[in-house]
Amino acid sequence: MSPGSDASAKNMLENTEEQNKVKDNIVYNDKINTFSEQRENKGVENKDIDTVIKVKSAIPRRRQDLLKWYGWGYQDSTFKISDGVAFFTGNRYLLGGKKLPHALQFIKEYFNVDITKDAIPPPQPTSFQESRLPSTIKEDLEKIAPLSTDGMDRLIRAHGQTLKDVYCLRKNSFQRIPDAVIWPQTHQQVEDIVKCASKHKFVIIPFGGGTSVSGSVTCPANEERPILVLDTTDMNAILWLDKEQLLARVQAGILGQDLERELRSRGYTVGHEPDSYEFSTLGGWVATRASGMKKNTYGNIEDLIVQTKIVTPTGVIERNCRVPRISCGPDWEHVVMGSEGCLGVVTEVTVKVRPLPPCVRYGSLVFPDWEAGFHFEREVARQRAQPSSIRLMDNEQFRLGHALKEQQSWGGVVLDGLKKFYITRIKGFDPLKLCVVTLLIEGSTEHVARKEKKLNAIAAEYGGVPGGARNGEIGYTLTFVIAYIRDLALDYDIVAESFETSVSWERTLALCKNTKERVRKECRDRNIQEYIISCRLTQTYDAGCCIYFYFAFKTDLSMDAVRMYEDIEEAARDEIIANGGSISHHHGVGKLRKKWYTQTVSEPGRRLLLATKKALDPDNIFALGNMAYDQYMNEELGLKSKL
């Protein structure tokens, strides 16, 4: 137990000393509306309101100076194999600087790769597609905000984080990359940029953290108009923080880690913590209807939002009052949420905040098998006894976790010899079947103690035993380094990806079993012998849960291998939907899941989406082609996509 923010969260929010020199309560430049103009109740003085806070972003505008240009995350944080030992570099995560003695055994068991081969990062490209942005448009845009046509600036904003994205990035083989990047700092500048696009008929792609895994920010390959990426990350001010009302008005380009750092330094939190929160933005969360690991306490993004402002080609959408709820026909806030950049640019968001919890405690529980862990989670949800985060790993995930542990680790959690003896010998758990639940409990000391006691009691009914607080903390924070594994995998000719769904409780076990078996069948049909398919239950609700699948296999690293992966994932998604699962829980639709969109929302729902597009963006300025929107020409709506 630790008061206030925990050590691992602190590690996640810390950056270099220079990047952390943030001046509090600095009034932004006069291009941002003044505080009095931001407040709806003008003339009301409140000592509990902080004025505009201009945030020093943890990620520079030239992302390639700090982040990997060819993969996920920071340059100084990566999995490596050297002299027969695996380790994780850097000091940003709990795993940083640690040797991983179990990793090579895991890699050999599942993939049989040559670990003696040196993994050499791909060389940074030196040639790029020529920018198609006419000089007249460039001159007009440069009058509004900073603009770049530099090749690397454009390349690293040409993609998200799908397997195909990363493959094309490493090969510099995108069919189309943006023609320019612009960094507005204010809502008004975004309005001016959108008006310029309508005037000159070029395309805008809103871009935040670039963490999308649905292909949503990929440039339409056959788009003949110039494409401008509107990078929102310079719009990262906290416009006001109302400590009495527990609300904050925030520019939508702020990174999750920056938002949390600033609020935590003042004793508050939003509590929205998706796996990508280091690099993803508030506007991206809104545009994709995101979910965080602590949603049981703080809610999903739709539960956190009070008001949004979005710039569309036909005007600005914003409710005229900031109230907790309104009965005024359909809620257009929900049209903005999940719009995936196809309708406009989110510029400002009013979100709920909460005081930092006085007590934060991690925990873990070990169960004999997946079914026992599942029934425990179901009962916890039935009793509405969920802590902030509760996640169940299957045995394959459990063993993957074991592979990522430092010395003295065992079975996916760090257990001392006595605990290991107790679980395997006395309790009789099979190491090839047992599963682990990781817990994060937040609140008052009394609340946390009561919650932990209740969870342990429910666990005992299903054969679960406590695995320790340290194990829970390690299991929770491992979430932030899992994305780094793919870079190492690609270096050793292993393609890997994750996909998720939501499903009702009564169909969960069948869905997990059948989807895994479908993947195994697809691998057998393609003579793929070295692979892993695993899953974890990450979020729970009254009516069901979220299931996250992880799939990887050994192959030659080629476009054919990427297509093979995509074919197998498509088959897995067909199986998921046949078993009652959703198209996505929080990753969205993008371009990768368009196939299932209409059957998910119905044909009238599809037409309603297209009608919204016609009303807000008749010239298809935001021509991303996600969801039901065609990438190029849509005759039904007469959407324009060519000069």
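**Group meeting: a walk through one predicted chain**

Good morning. I begin with an annotation: the unreviewed UniProt entry places the feature "binding site" at R486. What I am presenting is a predicted model, and I shall return to R486 once the overall picture is in place.

Let me first describe the chain as a whole. The model contains 22 helices and 22 strands. Of its 643 residues, 61% count as buried. The accessible surface amounts to about 25800 Å², and carbon and sulfur atoms account for 49% of that area. If we consider contacts with a separation of 6 or more, 76% of them link residues that are 24 or more positions apart.

A word on confidence is in order. The average pLDDT of the chain is 88, and 87% of the residues score at least 70. Two stretches deserve caution. Over residues 1-44 the pLDDT stays under 50, although the model has 99 contacts beyond four places in sequence for them. Residues 409-415 likewise stay under 50, with 27 such contacts. Where pLDDT is low, predicted coordinates should not be read in detail. I shall therefore not interpret those contacts any further.

I now return to R486, which lies in helix α18. This helix spans residues 479-491, and 11 of its 13 residues are buried, so the rest of the structure largely encloses it. The buried residues of α18 include F480, V481, I482, Y484, L488 and L490. Charged residues are among them too: R486, D487 and D491 are buried as well.

Why is R486 classed as buried? Its relative accessible area is 11%, which is under the 20% cut-off, and therefore R486 counts as buried. What does R486 touch, once its neighbours within four places in sequence are left aside? The contacts are Q161, T162, L163, V166, A496 and E497. After the end of α18 comes D493, with a positive phi near 60°.

Next, the sheets. Six strands make up an open sheet, in the order β2-β9-β10-β14-β12-β13, with antiparallel pairing. At its edges are β2, residues 49-50, and β13, residues 315-317, each of which pairs on one side only. Within this sheet, β9, residues 238-242, pairs with β10, residues 247-251, through four bridges in the antiparallel sense. One of the residues involved is L241, whose bridge partner in β10 is A248.

A further strand of interest is β21, which covers residues 531-540. Is β21 mostly covered or mostly open? Mostly covered: 10 of its 10 residues are buried. On one hand, β21 pairs with β17, residues 389-393, in the antiparallel sense over two bridges, and L392 stands opposite L537 of β21. On the other hand, nine bridges join β21 to β22, residues 544-554, and these two strands also run antiparallel. Here I533 stands opposite F551 of β22. The link between β21 and β22 is a hairpin of three residues. As a general remark, side chains in a regular strand alternate between the two faces of the sheet.

I turn to the cysteines. How many disulfides does a search of the whole structure find? The search finds zero. C512 takes part in no disulfide, and the nearest cysteine sulfur, that of C535, lies 4.2 Å away. A disulfide would require the two sulfur atoms to be within 2.5 Å, so this pair does not qualify. C512 is itself buried, with a relative accessible area of 4%. C342 counts as buried too, at 0% relative accessibility.

My last residue is E575, in helix α20, which runs over residues 559-578. E575 has a relative accessibility of 17% and therefore counts as buried. Which residues does E575 contact beyond its neighbours within four places in sequence? They are N514, T515 and R518. E575 and N514 are 61 residues apart in sequence, while their C-alpha atoms are 7.2 Å apart in space.

To close, I return to the starting point. R486, the position where UniProt places the "binding site" feature, belongs to helix α18, and 11 of the 13 residues of that helix are buried. Thank you for your attention.

Note on methods:
Residues are numbered from 1 along each chain as its sequence is written. This is a predicted model: local features need pLDDT of at least 70, side-chain atom pairs count only at pLDDT 80 or more; totals for chains, interfaces and linings use all residues. Side-chain values use heavy atoms; hydrogens and water are left out. Two strands pair if DSSP finds at least two bridges between them. Buried means under 20% relative accessible area, exposed over 50%, partly exposed in between (1.4 Å probe, protein chains only). UniProt positions are given in the numbering used here, feature names are shortened, and annotations may be inferred rather than shown by experiment. Contact means heavy atoms within 4.5 Å. pLDDT is the predictor's confidence in each residue, from 0 to 100. Accessible areas come from the Shrake-Rupley method with a 1.4 Å probe; for residues, only the protein chains shown count as cover.
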